[in-house]
Amino acid sequence: MGSEAITDNQQLHAFLFPVMAQGHMIPTVDIARLFAARGLKSTIICTPLNATSISKTTERDRSSGLDINVQTIPFPAAEVGLPQGIESMDKVTSTEMIPKFLSAIALLQQPFEQLLEEHRPDFVIAGMFLPWTTESAAKFGIPRICFHGTSFFSHSVMESLELYKPYEAISVDADPDSSFVIPGLPDKIEMTMSQLPDHLRGKNVFADMMEKTRESEINSYGVLVNSFYELEPAYAEHYRNTLGRKTWHIGPVSLRNTNAIDKAQRGKKSTIDEHYVLNWLNSKEQNSVLYVSFGSVSRVSNNQLLELAMGLENSGYSFIWVVRQIKTDDEESFLPKDFEERIEGTGLIIRDWAPQVLILDHPAVGGFMTHCGWNSILEGICAGVPMITWPMFAEQFYNEKFVTQVIKTGVPLGAKEYSMWIDAKNVSLVKKETIAMVVSQLMGDGEEAKEMQQRAKEIGEMTKMSVEEGGSSYADLTTLIEEMKVYTKK
């Protein structure tokens, strides 16, 4: 990813302040490491419990001579009525906790401004749900760059929905499967009413936050995008030129993790020994294993997990399945009787957290069933594997459209409804027969599967070139650094 420093008399100092969710913290740490590898001083701002999952990576980088640090701000859980230990989105387990969590995030503004005053960084990269960081940085004459953690495509879709509101032409009493075209995009993209985020329909605690997020992005210095130009050139141009956003694409940032230790320890501590997983994969033929994971936040009902278990077993293909179920008194109630005995040798279950990049990069993995979080999508793209898409909330339905319709490296499983990650029990079941059929479609040797596999492989090879010297993301990172140098001299 380019480790040579850009020499200058004065070392630039970047503050990086991610939203307290694994899907935001993980790429932000990678970005901090990228800056440090280019000779900048990187300081990651986070809360004490989140610092523990970051520290191993930053300590390794520091021991290799990089200037990267973690600065903690206490999380005000008690002040907003949250239990101690709730410091990230994946710990939020009820709808009542969401507004409290957002209130706690807002209370971080004052201690963050104290850090700005004390350290005076040259620029700030802050997550989307920290909209007040634009104002905070401006108080000290510091530019704030916004990081949403998604693609140019999703940025463009979100902006078109805000600008044109095509869904308003459809009656509230209409069939939830009623579809509309999202106007103003390079491709014809359709969505159904049931796939529309709740906040656009004014139903949800995030509605006010999303408006503040959009406003702060418009007022910020620019937007950092974890993508690369060759993946979505039409949407990079559309977002920059048609919508007028100042952006830099510097991804895929996960490619900063080049060795097995970095890949294994990225994010939270894995609940399984990575050597065991690798040995299991080593026993499988190339492209024969399906990797199944729905991210760090998504919750799937036990009834749906039961259908998924039977669908995977009935498909006849080998699989690794990362399970995060809704907690019940009977932890394993979703598994069919004797399931783990029957799948021994063909299926591997990992509970809670897995070394995802390490698994996806293994030659035995030939497919990825994903919730369509952008980190997962991009990690699948980097590994060159085709995907089965199962979106749930956030911008995941947009990401599904990108994979299945724009780059055409995936098959939709047929998820119909947007649902907050906490409301998994209210979503229609995807049946075991559908799951087995789509797995066979992706993993089989049919013409469509072969074409997807070839396209995925070709795009995967492009990702490595983009982050090396001379590549588009390498060049955009250089442009951003040089621009910040000029800004500090004003």
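Is K485 buried or exposed, going by its relative accessibility? At 8% relative accessibility, K485 counts as buried. Keep that residue in mind. We will come back to its partner. One caution before that: this is a predicted model.

Let's start with the sheet. Seven strands form an open sheet, and the pairing is parallel. The order is β3-β2-β1-β4-β5-β8-β9. At the edges sit β3, residues 68–72, and β9, and each of these pairs on one side only. On average, neighbouring strands of this sheet are turned by 25° against each other, with direction ignored.

Helix α1, residues 22–37, packs on this sheet. The strands α1 touches are β1, β2, β3, β4, β5 and β8. The direction of α1 makes about 160° with that of β2.

Now zoom in on β8, residues 222–225. A general point helps here. In a regular strand, side chains alternate between the two faces of the sheet. In β8, G222 and L224 are on one side, and V223 and V225 are on the other. All four are buried, so both faces of the strand are covered.

What about the neighbours of β8? On one hand there is β5, residues 144–147, which pairs with β8 in the parallel sense over three bridges. C146 has V223 as its bridge partner in β8. Then there is β9, residues 247–249, also parallel to β8 and joined to it by three bridges. Here V223 has T247 as its bridge partner, and V225 stands opposite H249. Helix α9, residues 233–242, completes the picture: β8, α9 and β9 make a right-handed β-α-β unit.

Next, salt bridges. The structure holds 14 of them. Let me show you three.

One is in helix α1, on the sheet. R33 and D30 meet through their side chains, at 4.0 Å from N to O. They are three residues apart in the helix, so about one helical turn separates them. R33 is buried, with a relative accessible area of 1%. D30 is buried as well, at 2%.

Another joins R245 and E159, with the closest N and O atoms 3.2 Å apart. This pair links distant parts of the chain, 86 residues apart. R245 lies in the loop between α9 and β9, while E159 lies in helix α7, residues 152–164. R245 has a relative accessible area of 12% and is buried. E159 is buried too, at 8%.

Back to K485. Its salt-bridge partner is E482, and the closest N and O atoms are 3.8 Å apart. Both sit in helix α19, residues 472–488, three residues apart, so they are separated by about one helical turn. E482 counts as partly exposed, at 34% relative accessibility. Some salt bridges also share partners: E159, R214, E217 and R245 are joined that way into one network.

Now the cysteines. How many disulfides does the structure hold? Zero. Take C46. Its closest cysteine sulfur is in C146, 19 Å away, which is too far for a bond. C46 counts as buried, at 4% relative accessibility. C372 is in no disulfide either, with the nearest cysteine sulfur, that of C382, 16 Å away. C372 is buried, at 0%.

Last stop: V403, in helix α16, residues 396–406. V403 is buried too, at 0% relative accessibility. Its C-alpha atom is 8.9 Å from that of C372, 31 residues apart along the chain. Beyond its sequence neighbours up to four places away, V403 touches I377, M387, T389, K408, T409 and G410.

How values were computed: Residues numbered from 1 in each chain as written. Predicted model: local features only at pLDDT ≥ 70, side-chain atom pairs only at ≥ 80, totals over all residues. Heavy atoms only, no water. Helix = DSSP H or I, 4+ residues; strand = E, 2+ residues; numbered from the N terminus. Buried < 20%, exposed > 50% of the residue type's maximum accessible area, 1.4 Å probe, protein only. Contact = heavy atoms within 4.5 Å. Pairing = 2+ DSSP bridges. Right-handed = clockwise from strand over helix to strand, strands pointing away. Axes fitted to C-alpha atoms, helices over the stretch in contact; angles between N-to-C directions. Disulfide = S-S within 2.5 Å.
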